[in-house]
Amino acid sequence: MKLFNKDEFIDFALRRKVVEFKDVQASAGGTLPFYIRWERVIGNVKDCIELGTYVLAYAEDQGYHPDAFLAVPEGPSRLGFEVQRRWAIDQEDFEGKRYPNPMIRKTRKGIGPVEEREVLSLKKGSHVVLLED
């Protein structure tokens, strides 16, 4: 059963004015004819929850079976927490299993255990869906 509805997702993004059609200098060089501003959605709790629903539906349709959802620092990190929390709660063994609540630090911490200096709460070899804006 397909859960992700591409047309609804596009409508959601356009209604939230996420896409701006203007020439933008890309960080990798060149010019893009548009700019996508997910902060307009992620900065609002209700919209972030709705975006998380689309992310989870897409991941399920693609057959992803991660140990966690993880967002890159800054931009979508709030979305990463929302998606990971909702995904973990939906797991059949949620009550009996400890699910990670991972985070990537923007800069490497100089002290503490090695496993807590860059990425928190994930074991080496974990399968992760990485969220990037």
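**Questions on the core, cavity and strands of a predicted model**

Colleague: Which element gives the largest share of the lining of the largest cavity?
Modeller: In this predicted model, the lining residues are L70, A71, S77, G80, F81, P102, M103 and I104. The elements that give two or more residues to this lining are β5, α4 and β6 (103-104). The largest share, 3 residues, comes from α4.

Colleague: What is the volume of the largest cavity?
Modeller: The structure holds 1 cavity of 30 Å³ or more. Residues L70 and A71 are among those that line the largest cavity. Its volume is about 50 Å³.

Colleague: How many helices and how many strands does the protein chain have?
Modeller: Read from the N terminus, the elements follow the order α-β-β-β-β-α-α-β-α-β-β-β. The C-alpha atoms fill a box of roughly 45 × 40 × 25 Å along the principal axes. The chain has 4 helices and 8 strands.

Colleague: Which element gives the largest share of the largest nonpolar core?
Modeller: Nonpolar side chains tend to be buried together in soluble globular proteins. In this model, the largest nonpolar core has 23 residues, and W38, L51, F69, L79, V83 and L131 have the most contacts inside it. Two or more residues each come from α1 (6-15), α2 (39-42), α3 (45-61), β5 (68-71), α4 (77-89) and β8 (128-131). The largest share, 7 residues, comes from α3.

Colleague: Which residues does L51 touch, leaving aside those up to four places away in sequence?
Modeller: L51 is one of the residues with the most contacts inside the largest nonpolar core. Two others named in that group, W38 and L79, are also among the residues that L51 touches. The full list for L51 is F9, F12, W38, V41, I42 and L79.

Colleague: In which sense do β5 and β8 pair?
Modeller: Two bridge positions can be followed in the structure. F69 has V129 as its bridge partner in β8, and A71 stands opposite L131. Over 4 bridges, the sense of the pairing is parallel.

Colleague: Which residues of β8 point to one face and are buried?
Modeller: In β5, A68 and L70 point one way and F69 and A71 the other, and all are buried. In β8 the side chains alternate, and V128 and L130 point to a face where they are not buried. The buried residues on the other face are V129 and L131.

Colleague: Is E20 buried or exposed?
Modeller: E20 lies in strand β1 (residues 19-20). Its relative accessible area is 16%. Residues under 20% count as buried, so E20 is buried.

Colleague: Which side chain joins that of E20 through a polar contact of 2.7 Å?
Modeller: Not counting residues up to four places away in sequence, E20 touches P33, F34, Y35, R37 and R40. Its side chain has a polar contact of 3.2 Å with that of K22. The polar contact of 2.7 Å is with the side chain of R40.

Colleague: Which backbone nitrogen does a side-chain oxygen of N5 reach at the start of α1?
Modeller: This helix spans residues 6-15, and K17, with a positive phi near 55°, follows it. At the start of α1, the side-chain oxygen of N5 comes to within 3.1 Å of a backbone nitrogen, that of D7.

Colleague: What percentage of the residues in the protein chain is buried?
Modeller: A residue counts as buried when its relative accessible area is under 20%. The chain has 133 residues, and the buried ones make up 29%.

Notes. Residues are numbered from 1 along each chain as its sequence is written. This is a predicted model: local features need pLDDT of at least 70, side-chain atom pairs count only at pLDDT 80 or more; totals for chains, interfaces and linings use all residues. Side-chain values use heavy atoms; hydrogens and water are left out. A nonpolar core is a set of buried Ala, Val, Leu, Ile, Met, Phe, Trp, Tyr and Cys residues joined through side-chain atoms within 4.5 Å. Buried means under 20% relative accessible area, exposed over 50%, partly exposed in between (1.4 Å probe, protein chains only). Contact means heavy atoms within 4.5 Å. A polar contact is a pair of N or O atoms within 3.5 Å; within protein, one must be able to donate a hydrogen and the other to accept it, and residues adjacent in sequence count only if both atoms are side-chain atoms. Two strands pair if DSSP finds at least two bridges between them. On a 1 Å grid over the protein atoms alone, a cavity is a set of points where a 1.4 Å probe fits but cannot get out, and a pocket is an open set with protein on both sides within 12 Å along at least five of seven lines; lining residues have an atom within 4 Å of a point. Grid points are joined across faces, edges and corners, and a volume is the space filled by probe spheres set on the points.
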